[in-house]
Amino acid sequence: MDSVNLEVLRQAVAWSEAGVPVTLATVVRTWGSSPRPEGALLAIAGDGRLVGSVSGGCIEDDLLDRLRTERPARPEHVTYGITAEQTRRFGLPCGGKLELVLEPVAAGNRLADTLAAIEHGEMVARRLDLASGAVDLLGDVPDSAVVFDGQTLVSAFGPRWRMLIIGAGQLSRYLAEFALALDYQVTICEPREEYRDSWHVAGAALTTEMPDDAVMAMRPDRRTVIIGATHDPKLDDLALIDALNTNAFYVGAIGSRANSERRRERLKLFDLTDADVDRLHGPVGLPLGSRTPPEIALAILADITARRNGVTLVAADTRPASVGDACPAL
């Protein structure tokens, strides 16, 4: 999960266990441009301390003023940006609208249990009934960060996104550093001793297993990204064969278009369907004209980020020339 939200949960639990009154704010709906996504959290302590964010700052100030005078006794649903005056007052982008659920953190809130599950690498859904304030933990976790029907709020929590990179070359170093900055839990698989000796990226784990074993040990799920980055089919293909048989969100491999087509033909010789092979992103990354290792790493993370955010991108060779001319960074 988002490291900011994890920090919010940890601090909210710590404040509550210390006897400090806490109100937890959750973004449940947004319209138009929004500074923070649905599921973003903000915890406000009774003494005015806060952690997290639900906007660019003005709404936080208003919430602080609201809670100084009256803290909610039960969960409340509040909306910002209904009118043009509110939009101007709170600095929301044009047409922006934000809905929050404010929840007083009290006994039976199950926040500590939620936090414990997350820190054990489990995914969990927390269901809040606004009328009663009752909280349940669910094993059936929705794909979206929040599901809100006006009466019940279901928030999905779980391990942050993970990335397995096959190969400890120069590209992998930049890819790992960028991914760590985007809050991925990064693991490098490198069975070749000569590459391991010069590898070091603080915060990234290193395994010496063979790539297929590393994939299976990771138990990929819909929050897992697997990238083959060795240029050696004996290593990359080992990982891809198993990765394409999992629920991994994104499976990709570096290489030219010609090499990528040859790879697809090789993969079809194994126990993979055409649909499995079609899940492979290769050549991996957005067509940015990347040439250097950091540019290639940027293209890979840009593609993954766009897909995570549900953004549909137009392939470079299908755009009209005027689009590239007007937007040279694309």
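Which strand supplies the largest share of the lining of the largest cavity? That would be β9, with three residues. The legends below take you there and to several other spots in this predicted model.

**Figure 1. The whole chain sets the scene with twelve helices and 15 strands.** There are 330 residues here, and buried ones make up 45% of them. Take the contacts in the chain with a separation of 6 or more: residues 24 or more positions apart account for 60% of those.

**Figure 2. This view goes inside, to the one cavity of 30 Å³ or more that the structure holds.** The largest cavity has about 60 Å³ of space in it. Look for its lining residues, among them Leu-9, Glu-103, Arg-126 and Phe-157. Sort the lining by type and you get seven nonpolar, two polar and two charged residues. Three strands, β1 (22–31), β6 (124–129) and β9 (152–157), each chip in at least two lining residues. How can empty space be found in a model at all? You roll a probe the size of a water molecule over the atoms, and that shows where space is left.

**Figure 3. Here β6 meets its partner β7 (residues 135–138).** The two strands run antiparallel, and four bridges join them. Arg-126, one of the cavity-lining residues, has Leu-137 of β7 as its bridge partner. Five residues sit between the strands of this hairpin, and Gly-133 takes a positive phi near 80° there.

**Figure 4. Thr-230 sits in the loop between β13 (224–228) and α8 (233–243).** Is Thr-230 buried or exposed? Its relative accessibility is just 14%, so Thr-230 counts as buried. The side chain of Thr-230 has two polar partners to look for: the backbone nitrogen of Asp-232, at 2.9 Å, and the side chain of Asp-236, with a polar contact of 2.9 Å. Leaving out residues up to four places away in sequence, Thr-230 also touches others, including Ile-166, Arg-192 and Ile-254.

**Figure 5. Next comes α8 itself, seen through its buried residues.** Among them are Leu-235, Asp-236, Leu-240 and Ala-243. What do these buried residues pack against? Their neighbours include β10 (162–166), α7 (211–218), β14 (250–253) and α9 (257–267). At the start of the helix, a side-chain oxygen of Asp-232 comes to within 2.9 Å of the backbone nitrogen of Lys-234.

**Figure 6. Two arginines take a positive phi although neither is a glycine.** Arg-110 has a phi of about 65° and is found in the loop between β5 (97–104) and α4 (111–119). With a relative accessible area of 31%, Arg-110 is partly exposed. Arg-219 has a phi of about 50° and belongs to the loop between α7 and β13. Its relative accessible area is 68%, so Arg-219 counts as exposed.

**Figure 7. A cis peptide bond joins Gly-282 and Pro-283.** The omega angle of this bond is about 0°. You can find Pro-283 in the loop between β15 and α11 (293–308).

**Figure 8. Glu-7 lies in helix α1 (residues 3–17).** Glu-7 is partly exposed, with a relative accessible area of 45%. How far apart are Glu-7 and Gly-52 in space? Their C-alpha atoms are 7.6 Å apart, while in sequence the two residues are 45 residues apart.

Technical notes. Residues are numbered from 1 along each chain as its sequence is written. This is a predicted model: local features need pLDDT of at least 70, side-chain atom pairs count only at pLDDT 80 or more; totals for chains, interfaces and linings use all residues. Side-chain values use heavy atoms; hydrogens and water are left out. Buried means under 20% relative accessible area, exposed over 50%, partly exposed in between (1.4 Å probe, protein chains only). A polar contact is a pair of N or O atoms within 3.5 Å; within protein, one must be able to donate a hydrogen and the other to accept it, and residues adjacent in sequence count only if both atoms are side-chain atoms. Contact means heavy atoms within 4.5 Å. On a 1 Å grid over the protein atoms alone, a cavity is a set of points where a 1.4 Å probe fits but cannot get out, and a pocket is an open set with protein on both sides within 12 Å along at least five of seven lines; lining residues have an atom within 4 Å of a point. Grid points are joined across faces, edges and corners, and a volume is the space filled by probe spheres set on the points. Ala, Val, Leu, Ile, Met, Phe, Trp, Tyr, Cys and Pro count as nonpolar, Asp, Glu, Lys and Arg as charged, and the others, Gly among them, as polar. Two strands pair if DSSP finds at least two bridges between them.
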